[in-house]
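Colleague: Could you take a close look at the backbone of this protein, and in particular at residues whose phi stands out? I would like a connected account that also places them in the fold.

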Amino acid sequence: MADSPAPRPTAAAGLSFAFNFQALKNIAAAIARPNKIIAGASPFGALLKDALVSRIREDLDIEVQDLGISFTIAADVGRRVSSSRGSGARGLVVCGSNHVGSVLANKFPGIFATACRSVDDAVNARSICNSNILVISPNSMPRDSAYDIFRAWLKTPFKSPCPASDGQPWGDGIQESLDRAQFEMAQIGVRTSEPDGCVSCAICCLANPQVPDPFEMIPGGSVKIIQENPTSATVKFKAQSVEPAHHHTSGHEQLVLKGKMSVWNLSKKKRYDLVAGNYLFTPGGDVHMVKYHEDTKFFVKWHGHCDMFFNQDLDTAEMAIDE
């Protein structure tokens, strides 16, 4: 009888994991031999980034993709490296605060961005974390040290002897632990549809958001609450849905994320046409009705406990909107 496939690890599996170490080693090997550097800088690191990119292109046989300069560069580099995992690409971010840059770059699956201030930092980051994005700052090191830090980070293999190991090879148990950490951390934020997965802890709930079926709370439209807590929610309405005139016991703020809607504040006798990016505050007690011209998603925050009372039926609302 053929062997059954190894189960995918889940957060509920505790310390018992079964996964393809060989596939993981193939990815690690590709990362150990980078053939491309995706680089960028914040305005505070522009000069150092330009100098590093120029020298890398001149001295090393590696392609450099320069994303330029922006305040979101750490996220831009993180996103690009994440989407090209296993291809041999790594990232370089130069910014005013290397710790902020590493936090932003690490928001993407499979990214191990490390802030390094010395050659020892760089060697440790590669050996222990298999770092695939180097974040450095001209404000936290001598500028002349930056290229040496980059070269050390570039050439150090994963799990190699490093200052943290006193220059000695890591033991088998620690090497296995480092491999396991690479796999486990890469699963953070990856959605799984396994029915027996953990749904109780905060991390798993974020990775596997519970989306209920649509329900008919509003006459004239199907509503789907995507995320909800006691004072806020992300809500979807289908195109052409209508909310008859109603009021809430609490004021609420709306930020349109997608789509197009119109709000008539009957108490103030004003109309607001809203598209993605628009914000509207409606005070508690103000009677208003709404029509959704397209499939619309918005974030709403209530200023306290909020009950909803309808002042109008659906037919009356649709006639008033037509007029």
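**Positive phi in two loops**

Modeller: The model is predicted, and the protein exposes about 17,300 Å², of which carbon and sulfur atoms supply 54%. As a setting for the backbone, the secondary structure comes to 9 helices and 15 strands, and of the 323 residues in the protein, 42% are buried. When contacts between residues at least 6 apart in sequence are considered, 67% of them join residues at least 24 apart.

Most residues other than glycine have a negative phi. Against that background, D166 deserves attention, since this residue is not a glycine and yet has a positive phi, near 55°. D166 lies in the loop that runs between α6 (146-155) and α7 (172-186). With a relative accessibility of 68%, D166 is counted as exposed, because the cut-off for that class is over 50%.

The other residue to consider is Q240, which is likewise not a glycine and has a positive phi of about 75°. Its place in the chain is a loop between two strands, β7 (232-237) and β8 (242-248). The relative accessible area of Q240 is 46%, and the residue is therefore classed as partly exposed, a class that spans the values between buried, under 20%, and exposed, over 50%.

Taken together, the positive phi of D166 belongs to a loop between helices, whereas that of Q240 belongs to a loop between strands.

Note on methods:
Residues numbered from 1 in each chain as written. Predicted model: local features only at pLDDT ≥ 70, side-chain atom pairs only at ≥ 80, totals over all residues. Heavy atoms only, no water. Helix = DSSP H or I, 4+ residues; strand = E, 2+ residues; numbered from the N terminus. Buried < 20%, exposed > 50% of the residue type's maximum accessible area, 1.4 Å probe, protein only. Contact = heavy atoms within 4.5 Å. Areas by Shrake-Rupley, 256 points an atom, 1.4 Å probe, with all protein chains shown as cover.
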